[in-house]
Amino acid sequence: MVYLQKTYVSTTLADKPTPQELHQLAMQTVGQDLEDQGYEFVAVNSQPKKDPQFVCKRNKKLYFVVVRACVYPDNPEQYDARLMDKIKSHAEKFKANLFYAGVGFANAEQYDLPLQKSHPYAVNYKGLQKM
């Protein structure tokens, strides 16, 4: 289990992170993990729900990675099985392995408090889940 604590600096008047901002933070978290594990990026799609977000290679094998962000109390390890089955079919056409990468965010001071850009946040990312 990887828990990271970072501070996100507010750049807008609204202090609540948008879904796009959460998705970008999740993409950064997963992208760094993939890079650390030696994956080579073939394609990156940073649009939410445009799947897969990462197409990678490692050891001559192709990998599709679907990234989803959520906010506590939602569980980052839970995924939409129907969606993943659809993407798995697509991955099989390319002889690619499929991973799901869920990233959860919470207020670092107290998980039950709202997530705010001007306050530290906790990251709950347990790594890639093979589909």
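**Exercise 1. State which element gives the most to the lining of the second largest pocket, then describe that pocket.**

Solution.
- Step 1. β4 gives the most to this lining, with 3 residues. The model examined here is predicted.
- Step 2. Find the other contributor. β4 and α2 (81-93) each supply at least two residues of the lining of the second largest pocket.
- Step 3. List the residues. The second largest pocket is lined by Arg 68, Ala 69, Cys 70, Asn 75, Pro 76, Gln 78, Tyr 79, Asp 80, Leu 83, Met 84 and Tyr 100.
- Step 4. Sort by class. This lining divides into 7 nonpolar, 2 polar and 2 charged residues.
- Step 5. Add the volume. The second largest pocket comes to about 150 Å³.

**Exercise 2. Characterise the largest pocket by volume, lining and class.**

Solution.
- Step 1. The volume of the largest pocket is about 230 Å³.
- Step 2. Its lining consists of Pro 19, Gln 20, Leu 22, His 23, Pro 48, Lys 49, Val 67, Arg 68, Ala 69, Cys 70 and Val 71.
- Step 3. Map these onto elements. α1 (19-36) and β4 (61-71) are the elements that give two or more residues to the lining of the largest pocket.
- Step 4. Find the main contributor. β4 gives the most to the lining of the largest pocket, with 5 residues.
- Step 5. Sort by class. The lining of the largest pocket has 7 nonpolar, 2 polar and 2 charged residues.

**Exercise 3. Lay out the order of helices and strands along the chain.**

Solution.
- Step 1. Count the elements. The chain has 2 helices and 7 strands.
- Step 2. Read along the sequence. The pattern is β-α-β-β-β-α-β-β-β.
- Step 3. Check the burial. Of the 131 residues of the chain, 37% count as buried.
- Step 4. Check the contact range. Take contacts between residues at least 6 apart in sequence: 60% of them join residues at least 24 apart.

**Exercise 4. Test the span of α1 against the expected value, and find what covers its buried residues.**

Solution.
- Step 1. α1 has 18 residues. From first C-alpha to last, α1 reaches 26 Å, close to the 26 Å expected at 1.5 Å a residue.
- Step 2. Pick out the buried residues. In α1 they are Glu 21, Leu 22, His 23, Leu 25, Ala 26, Met 27, Thr 29, Val 30, Gly 31, Asp 33 and Leu 34.
- Step 3. Recall the helix geometry. An α-helix has 3.6 residues a turn, so residues three or four places apart point the same way.
- Step 4. Identify the cover. The elements over the buried residues of α1 include β2 (40-44), β3 (54-58), β4, β5 (96-107) and β6 (120-125).
- Step 5. Look just past the helix end. Just after α1, Gly 38 takes a positive phi of about 90 degrees.

**Exercise 5. Describe the largest nonpolar core and a second, separate one.**

Solution.
- Step 1. The largest nonpolar core has 20 residues. Val 30, Leu 34, Phe 54, Val 65, Val 67, Val 103 and Phe 105 touch the most other members.
- Step 2. Assign the elements. α1, β3, β4, β5 and β6 each supply at least two residues of this core. α1 gives the most, with 6 residues.
- Step 3. Zoom in on Val 65. Leaving aside neighbours within four places in sequence, Val 65 is in contact with Val 30, Leu 34, Pro 52, Gln 53, Phe 54, Phe 99, Ala 101 and Leu 128.
- Step 4. Turn to the other core. A second, separate core of 11 residues includes Val 55, Ile 87, Ala 91 and Leu 98.

**Exercise 6. Decide whether Leu 98 is buried or exposed, and list its contacts.**

Solution.
- Step 1. Leu 98 is found in strand β5.
- Step 2. Apply the cut-off. Leu 98 counts as buried because its relative accessibility is 3%, and buried means under 20%.
- Step 3. List the partners. Leaving aside neighbours within four places in sequence, Leu 98 is in contact with Phe 64, Val 66, Met 84, Ile 87, Lys 88, Ala 91, Gln 129, Lys 130 and Met 131.
- Step 4. Take one pair. Leu 98 and Phe 64 are 34 residues apart in sequence and 4.9 Å apart in space, C-alpha to C-alpha.

**Exercise 7. Place the cis peptide bonds at Pro 52 and Pro 73, and the positive phi values of Asn 59 and Lys 95.**

Solution.
- Step 1. Set the background. Most residues other than glycine have a negative phi, and most peptide bonds are trans.
- Step 2. Asp 51 and Pro 52 are joined by a cis peptide bond, with omega about -5 degrees. Pro 52 sits in the loop between β2 and β3.
- Step 3. The bond from Tyr 72 to Pro 73 is also cis, with omega near 15 degrees. Pro 73 lies in the loop between β4 and α2.
- Step 4. Asn 59 has a positive phi, near 50 degrees. Its place is the loop between β3 and β4. At 67% relative accessibility, Asn 59 counts as exposed.
- Step 5. Lys 95 has a positive phi, near 55 degrees. Lys 95 is in the loop between α2 and β5. With a relative accessible area of 75%, Lys 95 is exposed.

Conventions:
Residues are numbered from 1 along each chain as its sequence is written. This is a predicted model: local features need pLDDT of at least 70, side-chain atom pairs count only at pLDDT 80 or more; totals for chains, interfaces and linings use all residues. Side-chain values use heavy atoms; hydrogens and water are left out. On a 1 Å grid over the protein atoms alone, a cavity is a set of points where a 1.4 Å probe fits but cannot get out, and a pocket is an open set with protein on both sides within 12 Å along at least five of seven lines; lining residues have an atom within 4 Å of a point. Grid points are joined across faces, edges and corners, and a volume is the space filled by probe spheres set on the points. Helices (H or I, at least four residues) and strands (E, at least two) are DSSP runs, numbered from the N terminus. Ala, Val, Leu, Ile, Met, Phe, Trp, Tyr, Cys and Pro count as nonpolar, Asp, Glu, Lys and Arg as charged, and the others, Gly among them, as polar. The expected span of a helix is 1.5 Å times one less than its number of residues. Buried means under 20% relative accessible area, exposed over 50%, partly exposed in between (1.4 Å probe, protein chains only). Contact means heavy atoms within 4.5 Å. A nonpolar core is a set of buried Ala, Val, Leu, Ile, Met, Phe, Trp, Tyr and Cys residues joined through side-chain atoms within 4.5 Å.
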